Amino acid sequence: MNKAGYVKEVFLSLQGEGKYAGARQLFVRLCGCSVGCENCDTDYSFSDFFLLNNEKVHNPVFPEILCQKIYENFDIKSVHSVAITGGEPLDQLEFVRHFSENLKNSGVNVFLETSGFYPEKLQTIKNVIDIFSIDVKINSSFGITFSDNLKNFLSNIDSNRSYVKLVISECADEAEISSVLNLIGRSGIRELYLQPLNNCIDISKLENIMLRFYNSGIKAFFMPQLHKFLEIK
Ligand code: SF4
């Protein structure tokens, strides 16, 4: 058996953020996060069990068992992809690898949401993930400053399968936007999804930020959090 992992919840919903907003996905949220953002509103606490279609499944769960339960409980062909999210999923690297491998072997598209903080883990999972959604965290939104780790992650990722999400607030200043421009500009990624913090931003500020990205060859899209409007999970 492969390494077991801790799962927070498994549920069907619509992707509410970024490039694939509106896609029907099966979400597998993992426990744990080592990133430590301020303003984090995600419950990634470790728990003894999670619910999968009202069935109580005990943690830790082996990837093969989780896949089997997913195939039994959901029509996996009716979803765009399985979204592995967190917390920070790459904190449970071996579990994510084996779980993703099993899904891919069954013809399921695998979508990973990550902070991009752990470039050394990329090699282990890059062949089993179809889409990388990288959440770039900035000080004005999350109280943390990105480091060389994130630069390395973005530089080594397949840009055709990846995009960046950036949560911006009214407090984002010119210097901070410049540092993100510099960060993404050095990578091959050319798509950026701007997400206003709490779905609220001054439109002229937003236009100014988008223009700066376009002028640097990066297509920036404005994408508020869809699930908050729809009041879904
Ligand atoms: S990476 Fe996400 S889950 Fe982890 S602390 Fe930051 S906002 Fe919260």
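## A mixed sheet and the helices around it

Strands β6 and β7 run parallel to each other and are paired over 4 bridges. That pairing is a good place to enter this predicted model, and we can work outwards from there. In this pair, Phe111 stands opposite Ile131 in β7. On to the next strand: β7 and β8 are also parallel, joined by 5 bridges, and here Asp135 stands opposite Lys165 in β8.

How well covered is β7? The strand is mostly covered, with 6 of its 6 residues buried. Its two faces can be read off residue by residue: Ile131, Ser133 and Asp135 lie on one side, Phe132, Ile134 and Val136 on the other, and all of them are buried. As background, the side chains in a regular strand alternate between the two faces of the sheet.

### The whole sheet

Stepping back, β6, β7 and β8 belong to an open sheet of 8 strands, in the order β1-β2-β5-β6-β7-β8-β9-β10, with mixed pairing. The edges are held by β1 (7-14) and β10 (219-222); each has a single partner strand, so one side of each is left without a neighbour in the sheet. From one strand to the next, the twist averages 20°.

At the β1 edge the pairing takes the other sense: β1 and β2 (residues 24-30) are antiparallel and share 7 bridges. Within this pair, Val10 has Val28 in β2 as its bridge partner. In general, strands of a sheet pair through backbone hydrogen bonds, either parallel or antiparallel.

Leu12 gives a closer view of this edge strand, since its place is in β1. Is Leu12 buried or exposed, or something in between? Its relative accessible area is 35%, which makes Leu12 partly exposed. Setting aside residues up to four places away in sequence, Leu12 touches Arg24, Gln25, Leu26, Phe74 and Val79. For a sense of distance, the C-alpha atoms of Leu12 and Thr85 are separated by 13 Å, although these positions lie 73 residues apart along the chain count.

### Helices on the sheet, and a helix pair

Two helices can be placed against the strands just described. Helix α2 (residues 93-105) lies across β1, β2, β5 (81-85) and β6 (110-114), and its direction is at about 175° to β5. Helix α5 (residues 148-156) also packs on the sheet, where it touches β6, β7 (131-136) and β8 (162-168), and its direction makes about 155° with that of β7.

Helices also meet each other. Helix α6 (residues 174-185) packs with helix α7 (residues 203-215) at an angle of about 30°, and their axes are 11 Å apart. That angle makes α6 roughly parallel to α7, and the crossing of α6 past α7 is right-handed. Which residues of α6 and α7 meet? From α6 come Glu174, Ile177, Ser178, Val180, Leu181 and Ile184, and from α7 come Asn208, Ile209, Arg212 and Phe213. By character, the residues of this contact divide into 6 nonpolar, 2 polar and 2 charged.

Beyond α6, the chain enters the loop between α6 and β9 (191-196), where Ser187 is found. With a relative accessibility of 6%, Ser187 counts as buried. Apart from neighbours within four places in sequence, Ser187 is in contact with Leu154 and Ser155.

### Backbone details to check

A few loop positions have backbone angles worth a look if you are preparing this model for a calculation. The table gathers them.

| Site | Backbone feature | Value |
|---|---|---|
| Asn59 to Pro60 | cis peptide bond | omega near -10° |
| Gly86 to Gly87 | cis peptide bond | omega about 20° |
| Asn39 | positive phi, not a glycine | phi about 65° |
| Asn53 | positive phi, not a glycine | phi about 50° |

Where do these sites lie? Pro60 is in the loop between β4 (55-58) and α1 (63-73), while Gly87 is in the loop between β5 and α2. Asn39 belongs to the loop between β2 and β3 (49-52), and Asn53 to the loop between β3 and β4.

The two asparagines also have accessibility values. Asn39 is exposed, with a relative accessible area of 52%; the cut-off for exposed is over 50%. Asn53, at 44% relative accessibility, counts as partly exposed.

Terms used
Residues are numbered from 1 along each chain as its sequence is written. This is a predicted model: local features need pLDDT of at least 70, side-chain atom pairs count only at pLDDT 80 or more; totals for chains, interfaces and linings use all residues. Side-chain values use heavy atoms; hydrogens and water are left out. Axes are lines fitted to C-alpha atoms, for helices over the stretch in contact, and angles run from 0 to 180 degrees between N-to-C directions. Angles under 35 degrees count as roughly parallel, over 145 as roughly antiparallel, 65 to 115 as roughly perpendicular and the rest as oblique. A crossing is left-handed if the near helix is turned anticlockwise from the far one by less than a right angle, and right-handed if clockwise. Contact means heavy atoms within 4.5 Å. Ala, Val, Leu, Ile, Met, Phe, Trp, Tyr, Cys and Pro count as nonpolar, Asp, Glu, Lys and Arg as charged, and the others, Gly among them, as polar. Two strands pair if DSSP finds at least two bridges between them. Buried means under 20% relative accessible area, exposed over 50%, partly exposed in between (1.4 Å probe, protein chains only).
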